[in-house]
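User: I would like a close look at one part of this model, the cysteines, and then at the charged side chains.

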Amino acid sequence: MKVVAGTSSPLLAKRIANALNADLAKTTFKKFPDGELYVRIEDVDKEAVIVQSINSNDDLVALMLMFDALEDAEITAVIPYMGYARQDKKFNEGEAVSIRAVAKLIESYASKVITVNIHSRDAAGYFKKLVEVDAMPVIGQYYSGKDVVMVSPDLGSYERVKVCAEHAGCEFDYLEKTRLDAETVEIKPKSLDVKGKNIVIVDDIISTGGTMIEATKMLLKAGANSVECACVHAVLAGNALNRLYSAGVRKVIATDTIEKAVSVISVAEAIADVLRS
Ligand code: R5P
């Protein structure tokens with residue numbers, strides 16, 4: 001079995017190959033003068049594991065061409081970050097359900113699909129062969145033994161943060177929004193006093209950074225000693241990282257589902273475990 005390192009996930013693919021003691025397939029990715037992508041994959045016989053996050057339209061096209069190049073192999077698609085998953089329903093008449101289209105495309109080629117913390121149950125529901133890896137234990141282990149308190153930005157992420165905090169061995173809470181009047185919303189931790197504490201806000205995705213920035217401002221105002229932001233998927237659209245630091249965030253960390261400078265925690269072993277089974 002060969003591991004195919006996609007254009008968006010070269011480091012994670014290498015880490016997964018190392019964990020499995022498998023070889024990487026020889027790949028060539030080139031751009032034609034008009035910008036179209038050329039893909040060639042050599043030395044793959046029966047089985048291939050493609051590792052390719054979908055964090056842009058180019059990533060999706062590259063994935064499609066990799067599938068085609070591997071037409072004779074049985075393919076497991078590891079999509080560490082499943083982009084397009086936030087459009088998981090028709091919010092307005094006439095809209096595309098993006099993740100449904102992406103799921104159809106992927107499952108028309110792959111016999112098994114593995115992803116990490118997909119956006120929602122609705123999004124996961126469009127797949128028939130999906131296995132989901134939870135990155136919360138590895139993020140928790142990264143903080144094990146550190147003097148921190150974990151906070152979920154909302155009740156919806158509470159269960160996720162609970163798993164993370166259990167692996168870190170620290171206290172946890174979630175932020176609760178209370179509407180005081182038509183113009184005023186108060187956001188504060190449900191039960192913990194954050195004064196003097198080192199807080200880690202944990203979420204699945206940091207995209208624009210808006211959610212983390214609001215939470216950080218509130219926590220610092222409430223007397224937190226420091227605030228770090230930890231997430232699975234560092235989408236970090238536009239200048240999100242600068243905006244986070246400007247808002248007073250001390251550190252941003254993420255897993256390597258999206259390969260950025262902040263992606264210091266690897267999900268390779270967790271994915272390799274699923275591949276082994
Ligand atoms: C929401 O459902 C997610 O868990 C994240 O809180 C959200 O996607 C983060 O987005 P942003 O960084 O743009 O606030």
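Why is there no bond between the sulfur of Cys164 and the closest cysteine sulfur, in Cys170?

Analyst: This is a predicted model. The two sulfurs are too far apart for a bond: Cys164 and Cys170 have theirs at 7.3 Å. A disulfide needs the sulfur atoms within 2.5 Å. Cys164 is buried, at 0% relative accessible area. Cys231 fails on distance too, because its closest cysteine sulfur, in Cys229, is 8.4 Å away. Cys231 also counts as buried, at 0% relative accessibility. The structure holds zero disulfides.

Now the charges. The count comes to 13 salt bridges. One of them joins Asp58 and Lys31, with the closest N and O atoms 3.9 Å apart. That pair links distant parts of the chain: Asp58 sits in helix 2 (residues 57-69) and Lys31 in strand 3 (residues 26-31), 27 residues apart. Both Asp58 and Lys31 are exposed.

Asp273 and Arg276 pair at 2.7 Å between the closest N and O atoms. Both lie in helix 9 (residues 268-276), three residues apart, about one turn of the helix. Salt bridges with shared partners also join Lys26, Arg40 and Glu42 into one network. Within it, Arg40 meets Glu42 at 3.4 Å, N to O. Arg40 is partly exposed, at 43%, whereas Glu42 is buried, at 19%.

Last, the unpaired charge. Asp43, Asp45, Glu47 and Glu74 gather in a negative patch on the surface. Asp43 lies in the loop between strand 4 (37-42) and strand 5 (47-51). Its relative accessibility is 54%, so Asp43 counts as exposed.

Key
Residues are numbered from 1 along each chain as its sequence is written. This is a predicted model: local features need pLDDT of at least 70, side-chain atom pairs count only at pLDDT 80 or more; totals for chains, interfaces and linings use all residues. Side-chain values use heavy atoms; hydrogens and water are left out. Patches are made of residues with over 30% relative accessible area and no salt bridge: like charges are joined within 9 Å, nonpolar side chains (Val, Leu, Ile, Met, Phe, Trp, Tyr) within 5 Å. Accessible areas come from the Shrake-Rupley method with a 1.4 Å probe; for residues, only the protein chains shown count as cover. A salt bridge is a side-chain nitrogen of Lys or Arg within 4 Å of a carboxyl oxygen of Asp or Glu. Lys and Arg count as positive and Asp and Glu as negative; His and the chain ends are not counted. The place of a charge is taken as NZ of Lys, CZ of Arg, CG of Asp or CD of Glu. Helices (H or I, at least four residues) and strands (E, at least two) are DSSP runs, numbered from the N terminus. Buried means under 20% relative accessible area, exposed over 50%, partly exposed in between (1.4 Å probe, protein chains only).
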